[in-house]
Each structure stands twice: as C-alpha cells, then as structure tokens.
Amino acid sequence: MKLVRTSGLIIFLLSFGLFLGLFFMSEYKLTEEIFASKVKPNHQELLKPEMSKMFDKSYSLSIPFVNQINAAVDNVNGQLRAEQKWNDIIWDDYSGSLTKASAGGLIVDSTWLLFVLVFIGGTIGALMFILPQVQLAGPAGIKHNGIFFNALNNRGWVGISAGTLLVVFYILIYFYDAYMMNWIILVEPLKKLINPAGESSQWFLYGFLYTFAVVVMGIRMLVKYRHSKYQMVRTASVMFFQLAFAFLIPEILVRLNQPYFDFKNMWPLDYDFFDAWHIDMLTKSGGIGIFMFAWGITLFVVGVPTFVFFFGKRWYCSWVCGCGGLAETAGDPFRQLSDKSTEAWQIERFLIHGVFVFGVIMTGLVLYNFFGGDFGFSLNKWIIVSVVVATAVGLSLWHMKKYPDMGSKKVMTVAGSIAGFVVLAVVFSEVSVFKKYIPVDGSNFNFYSYDVRTVYGFMIGSLFSGVIGTGFYPFMGNRVWCRFGCPLAAYLGFVQRFKSKFRITTNGGQCISCGNCSTYCEMGIDVRWYAQRGQNIVRSSCVGCGVCSAVCPRGVLNLENGDESTRFTDPILIGNDSIKVTE
Amino acid sequence: MDHIVIIGNGIAGITTARQIRKHSDHKITVISGETEHFFSRTALMYIYMGHMKYENTKPYEDWFWTKNKIDLKKAWVKKVNYSNKTLEFEGGESMQYDKLVLATGSKSNKFGWPGQDLEGVRGLYSYQDLEYMEKHSKDIDRAVVVGGGLIGVEMAEMFHSRNIPVTFLVRETNFWNNILPEEESKLINRHLFEHHIDLRLATELKEIVSDENGRVKSIITGTGEEIACQFVGLTPGVSPNVDFLKESELNIERGIVVNEYLETNIPDVYAAGDCAQVAEPLSHRRAIEAVWYVGRMMGEALGKTLSGQKTAYKPGIWFNSAKFFDIEYQTYGLVGNKLQDNEGQFYWEAEDGKKCVKIVFDQASKKVIGVNTFGIRMRHEVWDKWLKEGKTLNHVIANLDEANFDPEFFKRYDPEIQKAYNGQFPDEQVSVRSRSLLERIFS
C-alpha cells in the first residue's frame, strides 16, 4: 500500500512536471497564410511591414514570439498616434489568435496523447496517492498529524514554491494568456469534445484545471473526513456544483447556441452580470436568456435572504460556490494558515466591506451608463496618489492610537502594500500592463462610468480574487478572497449576522481552550474565544464549513439552525454553582 | 488597591486574574517559570503531534495582558515568606504581595521505580516535559508508556502520531478501569489495538534499565519480560505541585488545604486548581480534582472573592470529557467503575463496537445518576438539567434526542438505543421515534 502511494506521488509529479514542461515544448512559426487568415483585412496593410519580419521564422518559446507580435502592434499604433489617426488605432488583440495558429511541434502533433499523460496520468497518480489513506492512515478520524512539520502545509519550501507557481499562473491567465498557448492547446481536444465548434481559451483552460482540482482534491477530502457525514455531503455538493453548474452546463449551453451561463454564480461576486454586453447578450437570446437574467436577479434578491435565514451563509459559501469549492477541496491543506488575530479581523472587516461598497458603486455606474447616462470627472493623478498615501498613513496612525497594545504591524503592512501598489500603478500607468486598466491620460485620471468597472475588474476581479485570493493559499490560508475580498460574502454575511437562524453553539462547560477550532478555522475566526466563555458563535464571516466542530476533541461545537431568540444569549458556562458565570 | 500575586499561569491562576480584573482595579501579577504566557496545558499533545504550534495553544493574544493590566513575571518562586508577605525568586529577587493565590498545579507521580530518573524517562505535564520529549524521542525505535490513564493514552497517541511503536503498560485489567466500567474500558482497549498500540493489560513496571550512558535502554515488566525502548513515559497520575511550599506554616496534606472560600490556614493566602485540597468537599465531589474545569471554576469563584464579593466554591454536577485516539468521551453526573448497591444501569453499544452509552440510575427511584457516552456527543446543558431535576431513566431515554449534540447528517442512534432499552426493561417501554430529515433541518 505504501508502495502504491509512493508510486502514485511519483506518477503525479511526473504528470505535473510534464504539464509545466509543456510550457517550453513547442515551436511557433508565423506564415503569410496565417497572417492573412487571422488579421482583419484593414489591419493587414498596417501590420504587414512590421510582422513580415517574423514570417517563416521559427521561435522555440512563446514569450519572444508574443512579445514581437505585441511590439509590432504597438509600433503601428505609436505611429498612428503620432499622425493623430485616432480612428485607425488597432484595439484587437492578435497575440492569442496568431500564436495559436502559428504553434506547431509536439503539442500540436500529439495533443491527445499529452492530454492523457498529463490529466489521466495525473488523476491516476493522485488517486493512487489519496485512496490508500483509507487503510494506511488508520481508523477514520481527524488526520492532522504532522501538519505543522510539513513543508507544504506550514509555509515551508514546498508551500512557498506552490504559492509562487500559483501567483505566476494567475498573472499569466489574466494578463499574458498568449504566453501559455501550449497549455491552452493542450485542453483543446476536450473543448472540441464538448463543443466541436468551440475554441479553447485561457478561460476554458482555467475552468478545466479548476474543476479538475476541485474533483481530485474533493476525493481527498472525502477520504480524509470519511468519519464525518456532514463533511462528506458538503464536499460532494461543492464537487457537483463545480463540475455540473460551473463547468459542464455553461459549455453545453454554448454548444446549443444559448448564452454561456453559470446558474449558481451571482452578483456581486459575478461583477459583470450588469455589464451592458452581458445584459444585451441575455436579453437578446430569447426566452431562455430572459429566464437567465431573471434567475440571476432572483438568486441574490430572494435566494440569499431566504436561504441564509434558514441555514446561514454556508448554503452558498461552503456548499455551492466555486471559490468556496476550491477552498474547501484544493485549499484544505492550507486552512490552518489563516490569521486569527484581532488585528486581522479588523483588516478583514475594512477590506471586505470596502470591496462591497466599491462593487455596488461600480455596478450603479455601469447601470447608469447602460440606461444612457454618463458621468465623468478628471483628477490630477498626483492628487490621487496623495490621497491614497495619506489614507494609508492615516489609517495606520489611527490604529496605533486606538489599539496601542496591538502593535499595528499588520495594518501598516496591508495599508502600505495597497497604497504602494496603487502608487506604482498610477506612476507607471503608461507602461504595458497597467495601460489597459488604469485610465490615466497624461497626468490626469479620466473617470467615466465604465472606467470604474475596468479598474474594479483589474484590482478586484483579477488581482484580488485570483492572484492573491488563490495564489496566496499556501501563505495565508485557503479563504483569502472569501474572507478579505468577496462582496457576495459580505452581503451573505450581513444577512447571517442580522437575520438568520444559524449559529455555532458551544457545549456547556466542556471547552478546554485547546485551540484546535481556531487553528483550523479557515476564516480566521478565533472560535476558541467564544467556546471557552460559552457563547454562541454568530459571525458574519463564518462559512459553516463545520471543521471547528469536527476537530474539537471534547465535543463542544455544533452548527445549528434554531429559533432566532436563542441566538444572542449571554455567555454561560455550566457546571459551577458558585456563581452564574456570565462573562 | 491591593497587590494580588498569583503563582501559576495555568487555567486556575489565569481565570482568577481575569475575574479580578473584570470586577476590580487591584494590581495583579501572575508569576510562572514555565512559560511567559498562558497556554492550554491540555493541548500540549497537539504541539508534539504537529496539529498546532505553541502559539496556537495560547487562548489570548499577547497584548491581552498589557491591555488588561495583568502583569506577567517569568520566574520560579523559591520560597514564600508569609509573615512579611514576600516571595523570594530563584535568582535572588523578591516581591511583596498583599494577597497571594497559589495555583501551582500538579507534578507527575513517580513511585520509586528503579531507573525512574534516567535520561529518556519523563512524565508529561509541563511545557518543559514537552520539550524534553521532543528532544529525547528523535529517531527512537520504541517508546513505553507506563500508567493507563488520560495522560498515558495521550502520550501513546503522541508517539503513535510520529510512527514510533508504543508499548503501553496498564496495571489494571482493562484500560483506565479504576475510573471506567468494564464495558467502556474494553471498548477503548479494542480501539487501542486497532491503532496497533502494544497494550499490555494487568502489567506492572518493575524496573527501567540503563545503558552505559545513563540513558534508558529497556524496561522490565512485573513478569520479568524485558522490552527494549529508548523513551519511557511515566504517567501514573499526578499530585499537587507543592514541594517548594512545604516545611512552613502553610497547612498541606496531599494538597494545600482550603475551605469553601479557597482560603488556606494563613490569612490572605488562597489556593486554587490542581494544587488545592478542599477540606470538606461536597458529597458528590472529591477533595482534589486535577482537571481543567475545576481549575477554571475555582478561579471563577476566587476571582470574585478577591474582587470583594466573598463567594464560596460550589461545584455543580460533575462533568468531564476526553478523547481516546478517535473516540470521544463525555460524562455527566457520577458513573463509577462499579455499580453501588442502590444503582442499576442501562448499557447500549453500537454494532461497530466504537460507540456506547451507559446510564446509571437509582434502582428505587429510577432517577438517573450519571451517564458515560462514547462516540456520541451529548448536550451538557440538557444532562445537567436532567440530573439536577432528578429525571427518571424512562424520561431520559424517551427524550434522548434532546441531548444529542452530534453534527447534522450524522446517524442518530436514539431509535436503536430506545429499542435496546425496551428490550432490557420490558416493564418500562418508551416509544421509538426518530425525527425526519426535514424536521431536523427546519427545527
């Protein structure tokens, strides 16, 4: 059995290594035919002088190839700007389509074979590693032995490498998708299987890898928590919703010429729901599109309050949601890394509610725009920089003064990092990646309604939820996004805090303050603080994963739905008749 | 404003300090040589097992103490001078107090075994014990644990978590049989075997054998068998840690003798927690109860007294809990290892042999006296109420689902238990019922 497990790990690592290696295993050759077939006729004339230099030249790596294409477009646009030919400027992104068409070699010739080696091989390896645990790890029960000695689980070299890889992967997906063309091509056969007319993209690749991770690591979760039916049912639920609702159904809808739609996603997490293009797409797709539009609105207007009232926000966050699904499966090995300090909780409330407000304002502006209004203002970029820096410094000073014992290091770090990033983005707004997302013209910010949406998409949608939200799993735990950023979690949390039957109850006086509950709370709730004083845990951030209850060695914690009047009661510890112990 | 000095930063000392701070402005100093900050002693095992780091076992953040003006001093007290109210520290310093709380906890028992002070032989109580264990159990082939109680089984689990084979010597015929009735003891025996613990029942330690460097190399059992090992965990219980207080006017028997207000025989000197021995314990309690909950409850009462509201320590219905590898245990009320003459019992065990419920009752009145539950969580509040109100066995069995504290979706054993009850007590039928899933979801 041990041998099976070791072999499984080796097979998995080989598959994973092959996947990473595929980034380099290909060649790209742009030909005149490809150029002619992929570039719009009116652009061909403009781009040909620049791009013909690349014709029939072979590149062994995607990066210089893509850079050269982008440089060609940039040069042409620079020229056009200089000549003030604003209408001719090329906005199309040709890097993806040209790179894909120009790719050749191993990845194109043996796509299926490689797909099988990477994903089927990877699955077999992973399962060989996971399943023997049923026997090897001993009788069913909590399996946390050695977690804090493990280089993956405790920010050791494996964890740091994994986190770095994830961050790089997310940056590629969001901003440099053409670089990872080999991987996009790798999943093309699957895409064609689901929808023969479709084309693989970085989003299909992402969706597939995401689902793959949720399902395989979901199996791991089922094995690990086979003694807890709550955990098994919940894990099966997130696996199902990711596989069916997030991955397969939208793809099948597209094959049936219907709009791409994830029936379980909702505003404000789904921040482009009210984008003009999205509303148009749905409302122009006949009855089913209208239904989808109505469904999407009903879900957050009626669904959220109703279900949160009966079950707490867990019905979504740890049973249905895709982000939650990844966190609860692939993220499970990192749950103990979330910060439990009061200071982290203060930062959390500030950030998540900040994002919520930002999201609501952004959506308001987008809708205002949709209904024909526009709204704009200009601000000198140095004013923005000053305001951001002053806010960061001000908040840090305020915190130091208000909580002199805490040290305020974390507040300073977070405020400093965010301010630092905004300053960088503004100062270098003319430079490559920022140019697309930061609406600075000369030294002025020009904010029109839709620009707010662009900034939100860049700062929140890409950087926060993706790069940091998932990339930082191995550093800050598996719920970085859900805890600090998700506007839907904030909304669900309001309802959970103020109008719900859900609470975690503590069992009389049985708590021994051991700390397992707090340590394994992925949301960084200091569960023990409540348990040891005998107080119901009613926290807006609690996603109801139930792990605190599972790891408690004394049977103290239980997730319950009950009468609202018994929710906020005085903390009480039973067993001492000397005094009524209300803290 | 008095200067209240507390020796010991465990649950008893810290609870006292927190309660004093809550209700008064006295100056508070908590002294400990063990660690700078309060940590959960019961969680020491999880540090060794890699479930948590030391930091995770601290119930309060470090700034909590400055914010609440509870001064911490890391030092060992050498001597207490009661006449001029002064503490002397190892290292020569001293400190004045107005009121003194002794919350010095326990120390591991040693019964004079040959070789008990060899290198690689140690009990488990303090943070230093944990460090010692960590240092001396690297790359060893086998550990022997002596003493079949709660700390013994914890130590066995600790070694097991690091794939160190464990031989577990238990003097009783079944695990923890001096506390648990036979059925429950046997249930845990089986579970230990299931985890491949080399459990030796009815086996005593005769001698610990040294190698040439003064380090343990084996032990010899009462039957003369020699077992090679490189670490010996001595866990035959604990006793009050009061050696440094002896030979003074302080009245010490096994522990520091206190009255119901936790006052010692010396004015302005109090004791709480493991080290305290209650002079006249209530009928359902013992004089020394070295458990977390008692330390906490004594601290709650004493803290109030020291804040100016004189409060007697009156513990309620006994309760306790533990976890043996994967099997959780809770108890409410009094269940002895043997039935008293007036007692009867109801026992149910699940088919897998890993869950059971035992309820002891008074045969004449049929009122319940106590419950042991293994593998099923029960509500403290409900049992406390049943026991206080003297509910009958029949009432308890009929309403068992009220007491269930297992997570949602877990199998409910109430119907099975009720059927078993109807079988064992043909004259006392209860109706067997289980709530539907919907009923439970929307309860």
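**Interface of chains A and B, and strand S21 of chain B**

In this predicted model, a salt bridge (Lys or Arg side-chain nitrogen within 4 Å of an Asp or Glu carboxyl oxygen) joins the side chains of A:Asp577 and B:Lys388, at 3.5 Å from N to O. Three salt bridges cross the interface of chain A and chain B. Polar contacts (N or O atoms within 3.5 Å, one able to donate a hydrogen and the other to accept it; residues adjacent in sequence count only if both atoms are side-chain atoms) link 38 residue pairs between the chains, both residues at pLDDT 80 or more. Local features need pLDDT of at least 70, side-chain atom pairs count only at pLDDT 80 or more, and totals for chains, interfaces and linings use all residues. Residues are numbered from 1 along each chain as its sequence is written, chains are lettered from A and ligands numbered from 1 in the order written, and side-chain values use heavy atoms, without hydrogens and water.

Contact (heavy atoms within 4.5 Å) takes in 66 residues of chain A and 67 residues of chain B. The area buried between them (accessible area lost on being put together, 1.4 Å probe, summed over both) is about 5300 Å². Carbon and sulfur atoms give 49% of that area.

In chain B, strand S21 (residues 319–324; strands are DSSP E runs of at least two residues, numbered from the N terminus) has six of six residues buried (under 20% relative accessible area, 1.4 Å probe, protein chains only). The strand is therefore largely enclosed by the rest of the structure. B:Phe319, B:Ser321 and B:Lys323 cover one side. B:Asn320, B:Ala322 and B:Phe324 cover the other.

Methods
Buried < 20%, exposed > 50% of the residue type's maximum accessible area, 1.4 Å probe, protein only. Helix = DSSP H or I, 4+ residues; strand = E, 2+ residues; numbered from the N terminus. Buried area = accessible area lost by both parts, 1.4 Å probe.
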